[in-house]
Amino acid sequence: MAKLNRDAVITEALDLLDEVGLDKISTRGLARRLGVEQPSLYYHFAKKEDLLSAMAEAAMAPHATAPLPTSTDDWYDWFLENHRSFRRTLLIRRDGARLHAGIRPSAADRERIGHKMAFLIGSGFSEHHAQLAMLAASRFTVGSVLEEQAEADSPGQPAGSEGPRIDHELAYEAGLALIADGFAAHRTTSTRSDGGARLGEAPR
């Protein structure tokens, strides 16, 4: 029997995640799906946590490979789009937010984060406020997707017990804009050439 390919195992595991959800993912079920014995998976993943980390990294690829900001980008527009991209990526996979939560960033992730931080600092923010804004927006994004995906997976409510239907995208956009506007209030300089908000002007 040919040796299992690591990428093929991860791809199959993500497909299994979409079918059964995170709570029902097991190395035994994955091995059965691949048509191999469970110990065969240990060549690539010593324990289930290693497999989940690899799945989370692969699931984040659309966001992790998105273009990084450049000096000509508008910081406000980039800040919004960066977190929209994060949200879209989390929503691709069933339980994507739960899979991602708690996973430590890789070396490549840290390098990208450093580039984003440098961009925000170069756009007129202190390192402290840039860190806080990125953390707040990222955690807001994960929490929003957790709620949205939990609702999608929950059984139907008894007739007459439903509350107002939530437009998750609209609610997310409103919350993200509030974070960005609050962040804008801490900007000390402006490098924009389009007449955008400067110190003392109301942030958009």
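**Note on the predicted model: helix α8, two cores and a pocket**

1. In this predicted model, the buried residues of helix α8 are Ala130, Ala133, Met134, Ala137, Thr141, Val142, Ser144, Val145, Glu148 and Gln149, where buried means under 20% relative accessible area with a 1.4 Å probe and protein chains only. Helices here are DSSP runs of H or I with at least four residues, and strands are runs of E with at least two, numbered from the N terminus. Residues are numbered from 1 along each chain as its sequence is written, side-chain values use heavy atoms without hydrogens or water, and local features need pLDDT of at least 70, side-chain atom pairs pLDDT 80 or more, while totals for chains, interfaces and linings use all residues.

2. What covers these buried residues of α8 includes α5 (75-92), α6 (96-100), α7 (107-122) and α9 (168-184). As for its length, α8 runs over residues 127-153, and because a helix is expected to span 1.5 Å times one less than its number of residues, its 27 residues should span 39 Å, which agrees with the 39 Å between its end C-alpha atoms.

3. The largest nonpolar core, meaning a set of buried Ala, Val, Leu, Ile, Met, Phe, Trp, Tyr and Cys residues joined through side-chain atoms within 4.5 Å, has 21 residues, and those with the most contacts inside it are Val9, Leu14, Leu17, Leu30, Leu51, Met55 and Leu99. Helices α1 (6-20), α2 (27-34) and α3 (48-59) each supply at least two residues of this core. A second, separate core of 18 residues includes Ala133, Met134, Tyr172 and Phe183.

4. Leu99 touches Leu14, Leu17, Leu22, Leu52, Met55, Ala56 and Ala59, leaving aside residues up to four places away in sequence; contact here means heavy atoms within 4.5 Å.

5. Which residues lie nearest the centre of the largest pocket? They are Phe86, His100, Pro105, Asp109 and Ile113, out of a lining of 31 residues. A pocket is an open set of points on a 1 Å grid over the protein atoms alone, where a 1.4 Å probe fits, with protein on both sides within 12 Å along at least five of seven lines, and lining residues have an atom within 4 Å of a point. Helix α8 gives the most to this lining, with seven residues.

6. Asp95, in the loop between α5 and α6, has a positive phi of about 60 degrees although it is not a glycine, and at 8% relative accessibility Asp95 counts as buried.

Technical notes. Buried < 20%, exposed > 50% of the residue type's maximum accessible area, 1.4 Å probe, protein only.
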